[in-house]
Amino acid sequence: MKKTFLYLGFLLLIVFPIMQSCTEPIEIELDNSYARLIVYGEISTDTTVHKIRLNRSADYFYNLPAEGVSGAIIRISDGVQEITLSESVTEPGSYQTESNYYGVPGRSYSLTINNVDINRDGTSETYSASSELPFMAAPDSIKLNYANYPFFTGSEILLFAKDPAETEDFYAFKVVKNGIQQTDSLPEIFVQNDLLFNGNYTNGVSVQFLDDDKPGEKVSPGDTIVFEMYGITAGYYNFIVQAQTELFGSNPLFSGPPANITTNLTNGALGFFAGVNIRRAGVIAPESN
Amino acid sequence: MRLILILSLLFSVVSSEAKPISNDEPQKSFSVSGYIKDATTGEVLIAASVYIKELGSGTVTNPYGFYSIGLNKGTYTLGVSYIGYNTFEQKLDLNGDLILNIELTPEARQLEEVVISSVKKNNNVSSLETGTSQLQIESIRRIPAFMGEVDVIKAIQLLPGVAVTSEGSSGFSVRGGASDQNLILLDEATVYNASHLIGFFSVFNNDAIKDAKLYKGDIPASAGGRLSSLLEVRMKDGNSKNFSATGGIGSISSRLTLEGPIIKDKTSFLISGRRMYADIFLPLAKNKDLKNNKLHFYDLNAKVNHIINDNNRIFISGYAGRDVFKNEFAGMDYGNNTITLRWNHLFSKRLFSNFSFIRANYDYELGTQAERPDGFEWKSNLEDHSVKADFTYYLSPGNIIKFGGATTYHHFLPGSARGTGSESLFSEFVLPDNFALEHGIYALSENKIGKNLSVKYGLRMSIFQNVGKATVYNFDEDYNSIDSTVYESLDFYNSFSGLEPRLGITYMLGEYTSIKASYARTRQYIQLAQNSTAGTPLDIWFSASKNIKPQVSDQISLGLFRNFAENSIETSIEAYYKKMTNTIDFKDHAALLLNPKLEGETRIGESWSGGVEFLVTLNLQKLNGWVGYTLSRTERTIKGINNNKPYAAPYDKPHNISVVLNYPITKNLHAGANWVYSTGNPVTFPTGRYEILGAVLPIYSERNAYRMPDYHRLDLSLTYSKPPKANKKWQSEWNFSLYNAYGRHNAWAINFVQDENDPNITKAELTYLFSYIPSITYNFKF
């Protein structure tokens, strides 16, 4: 679906250079807004330190880095064990698990946040969220293809994987080059549901890009390219799609009325707490790429 | 059975109306009837005024140019007048039914003047219509046009009470209604998407069109199916006297229309084509990727009509148009097709009838490169078949009765997508077809009571039936689908019906002044799943159903009409209030395409609109045009949106001004100007923000709590008509137009973006579509 709009975007790009559409800065006065707790974190199947980030929201033209929320007590339970996260000394507002922690597919993860006073009324609030960690089969393999599209030149990742027929599945795709995560911002994550290909084999559909024009992304022969396939929940899928829609900007043709991005946090907090299943497939960039 | 019962009920209303009037007239009554035509082209004249001097009353010709007046035996003077034509007068010594076909000759002076026509000199004051505007194509031609493309819809958008949905759009909002609440008819066939090139142009090629009429409030009982307005566009019949050609070469499109008699004064044809060729300029584009792109649209109108005899005439008319966008990777095309077969039959000189068979269709297709694993094609289609019968009974000069009915079979194919590559990723994904029947029967009576009072009252009964085969999802209170019900073929599994009364009163206060009031109830059974303000060609129509109740509107209008300076200055003030129920909006982040559970994305509530419209129309010796001002508010209250609190409707523009002027500088040189001003569209802006993975995400205000900057624009045009050479049929003119003459950067969209250098800084950015756009068009006629 999202792809469809990407293609529509291509079509629009035909029309608009002719129509001379242009942008310019404009001064807008906006009302103030009250502070909310912002929570973001993933529990993945990887055995590693898992981070939950707590921030405070700000007025729209705040124009400073988000303020972390310190001193919270964060607990995560998967129904079998409950752990308490510790706040990072170097990064206030960042809470971590032990490095041997990993998520188990099929379990439901609950997050509880205590000892936070966002509205500064002297009474601390409690927030919570929960997410399944979905099952997902590993991809078979990937291939690199050098592509030259309008407005994009670089290597695309072609995916060979089977989507299970019995379930409604949601995916996110990232790519790592020589051990460095290249999908390092929200707009770069590719997300897809299986609505139009439930139960099918992907046959080398293109799922991620390494853009020659972005620093460090250009692929050279011998580079190790690791593709990360995430099994995500419907809720997390919607969260990413909605966030990307907001970041993409709106126009009178394609955009519905702007609306707040959905969340699975309670008590007025925003953001998302997600369980994700990560499986990988790698390839060494060939000579003739 | 029920239908017959209702029909007979309606007819009994008609006959009871008819009685007292015939009691008043014991004398034997005859009729004068016939057609009014243009003497040079044979085109029938719509709404030409036919009056009996001695009685001080008369009638106007119907859309087929027919008139009939019932008179007692006696001697009368019959007059016929039509704007831009010499008035015709004839003495009648009536002692039997009389057929009088009249051809009016155009006035020698050019028709540069009147923009909103007032047919009889004080027709705007005396007619039984509130909130209507009739636009003659000849006059629309003088309005400065975007890219030189003269356009009916763009002219409609300049009328008071009408707001543009978004810059460059062909969508319009009438008295606060949504753009899908306008019934747009081309020769009686519904045009589901009246826009080309995402709205910059409309599907109506001016050269093929005779007349357009917009009903803003007082929709006649003979029409139904949309809440807010009726726009009737009628194609020319084709010159029945001589062969002629009209055409033009413009900056981005060319047109050619051929028309002429097949059998003189009996059979004539018209064929008209237009093609827009923006893509021929693409090879000049700097960006090499653009060079192989396709971007064009075309329109084809054709019509044949044949006069069998005095009592029978048939018409066949059709329209086909398509937009094509294509590049190496993706393509899209969409368009409307309509065909109308009509038969005019006179059962007697007083009973005029028309029978129509209509087919209308809108479809689109979208796809990507065929051979890739993610190559796909996606189609959607909507098709209507209608039969219609309309009768007009001319009882006496002051009393006309109309009745009739129509049935439409809707067939929706909301969407199907499938992979195209041999190793395609995609399965076939098909939203099931939907079928529905929509019926309407009506009767209305127009009566002149005494010298000053005229009343019009009518009743329409509409019925809507969902027909199997269908799969209907059932939803709980939170719009989650619980299960679905499957209905077999031809199972009439759901139906709605309702009465739609329409009333109008005109009271004359002297010859130049009148007050008018009207009330209309309208019901709408099919609507557009459109979530953006301007919409795209991909938006699909969906019908009322078990989950979607029909929308209903009740509107009252009150108007004061006054003409000055021998009717050369017309003024009016009209106030309206309308209340709409079962208003449809969509939930936040709604998915409207390829969604089998589309109905679960709707949210239902109420809305209201109120306003005052001021209009001054000038038909002075030289200066012509109009100035309109509308003050209005439109609000929606919908459960599940904006915390159930009222919010400004998407097209709520409290202040709206349009000035349209036209002035002949010399005999051959005409200047035109229009200026529009409106309050900016309501819009939702962020008030707070938060950060996820380095991206600044918005926290929004209440729905539509802010406004875009005010919109204003000036357009200019200059038309030079080459003085015609003696004995030469060839006429030509050059039209220079300048859109957005002072180059204002009107906001099309406002977005908030992160600064490239410091991502912590967010700023507002305005997107505008056009600075000034000059264009040249060459028009010819022979």
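How many residues of domain 1 of chain A are in contact with domain 2 of chain A, and how many on the other side? In this predicted model, 10 residues of domain 1 touch 9 residues of domain 2, contact being heavy atoms within 4.5 Å. An automatic or database assignment sets the bounds: domain 1 covers 37-132, and domain 2 takes in 135-249 + 276-284. Their C-alpha centres sit 26 Å apart.

Put together, the two domains bury about 810 Å², 48% of it on carbon and sulfur atoms (buried area is the accessible area, 1.4 Å probe, lost by the two parts and summed over both). On the domain 1 side, A:Glu42, A:Asp46 and A:Pro105 supply 46% of the area buried against domain 2, more than any other three residues.

As for polar links, the interface has 1 salt bridge, meaning a side-chain nitrogen of Lys or Arg within 4 Å of a carboxyl oxygen of Asp or Glu. A:Arg280 pairs with A:Asp46 in a salt bridge, with the closest N and O atoms 2.7 Å apart.

Residues are numbered from 1 along each chain as its sequence is written, and chains are lettered from A and ligands numbered from 1 in the order in which they are written. Local features need pLDDT of at least 70, side-chain atom pairs count only at pLDDT 80 or more, totals for chains, interfaces and linings use all residues, and side-chain values use heavy atoms, with hydrogens and water left out.
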